[in-house]
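Biologist: Let us go through the ligand site and the pocket. I want the criterion behind each term.

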Amino acid sequence: MSNYKNIDTALIHGGIAYDEFTGAVNVPVYLSSTFKQDGLGCRRRGYEYARTGNPTREALESLMAELDHGVAAFAFASGLAAIHAVLNLYHSGDNIVITSNVYGGTYRLLDKVFSHFGLTYTIADTSDVKAFESSLTPETKAVLIESPANPLMSVTNIAAIATSAHRHGVQVIVDNTFMTPYLQQPLRLGADIVVYSATKYLGGHSDLVAGVVVVNSEELGQRIAFLQNSIGAVLPPFDSYLLIRGIKTLGVRLDRHVDNAVKIAQYLADHPAVSRIYYPGLLSDPGYAVNQLQARNGGVMLSFELRDDYDYREFFRQLKLITLAESLGGVESLVCHPASMTHASIPADLRHQMGISDGLIRLSTGIEDVNDLIADLEQAIEKSKKI
Ligand code: PLP
């Protein structure tokens, strides 16, 4: 539950927003690995050792729990460390259903790491509830959804999957990296666990790597707290401070990001060189209606393909303002080639089966002047025409 009716206020005042000791309006960076105890078993305010608990990290965790209307939140050293902790809730012989188009690193973690411990996974089109239901087996313990899913931006009806999953005793995990609690709140749609790569929009400035887990029950909170401390991939205090600082401007940043994304999506949709665009904020997108039901808008991420008489490699080479780089969610516009970058860990035949073509281009629209961004795209498209 949030103490604030409006998320724009919660972003700034939510959680532990200031230092009770000095009144400092920013939570201090507590660079201390250990804490003095006043006697055996007498820990001041519960702190003993910074892997288990650190006041700066705790301020961030309480803020994230509030923003997502969760019971508790936990900050990790990366998004994948957060997903790793969540997957540790399950055991050898259990099965996890994952959205097709899942982030490549999540796929790799399940396929190359957890498989050694007997945890299996099934890829399903979670945008279709019937396809999801037919993927379930008696061993299925959880479904991991991304909506919109990277990189084809396919939309899953989170509430419909949650209703069905819970009927089958299956927990619902949503990777909400692309939307953040500002645009979509999965726990309020029935999910049990939300995970983030906070490296992206939550941080917002491409200056840190971080992950967050938010849960909807005390029981899950206790289990994740145990795993966070036992595995130890915690977010350091300075990065926790940076993340709190980033979150304060999440609303204003995302408003501008989305405005730019909508204008660029419309520009690309009308462009004769573009054969396909994937963006759930466009009325023509198959996910538009469901996305409108569960999210504030279509978000920022979009992907597109150029017609065959354009050379996508040349397009990447010609961009001047928009940077070719992994990652997304920073104030600067980034472009990526999923087949060789974010989704390279997925075997080519499976990638093609998922609909990720070799020429797919993914754009993370920044907050620069949109006319400058469109001008850069225009000149790169023009110069990539095959002769
Ligand atoms: N989830 C999604 C949707 C992502 O895009 C990423 C990274 O790109 C991750 C998880 C992993 O996060 P991190 O890079 O912070 O470990």
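Modeller: An oxygen atom of the ligand lies 2.6 Å from an N or O atom in the side chain of T199. This is a predicted model, where local features need pLDDT of at least 70, side-chain atom pairs count only at pLDDT 80 or more, and totals for chains, interfaces and linings use all residues. Residues are numbered from 1 along each chain as its sequence is written, and side-chain values use heavy atoms, leaving out hydrogens and water.

Biologist: Why is the pair at T199 called a polar contact?

Modeller: A polar contact is a pair of N or O atoms within 3.5 Å. The T199 pair sits at 2.6 Å, so it qualifies. A polar side-chain atom of K200 is 2.7 Å from a ligand oxygen. For G79, a backbone N or O atom lies 2.9 Å from an oxygen atom of the ligand.

Biologist: How do you know how much of the ligand the protein buries?

Modeller: Taken alone, the ligand exposes 390 Å², and the protein buries 90% of that. Accessible areas come from the Shrake-Rupley method with a 1.4 Å probe.

Biologist: What makes five residues of the shell nonpolar?

Modeller: Ala, Val, Leu, Ile, Met, Phe, Trp, Tyr, Cys and Pro count as nonpolar, Asp, Glu, Lys and Arg as charged, and the others, Gly among them, as polar. By that rule the shell has five nonpolar, six polar and three charged residues.

Biologist: And the lining of the largest pocket: which classes does it hold?

Modeller: The lining has 10 nonpolar, no polar and six charged residues.

How values were computed: A polar contact is a pair of N or O atoms within 3.5 Å; within protein, one must be able to donate a hydrogen and the other to accept it, and residues adjacent in sequence count only if both atoms are side-chain atoms.
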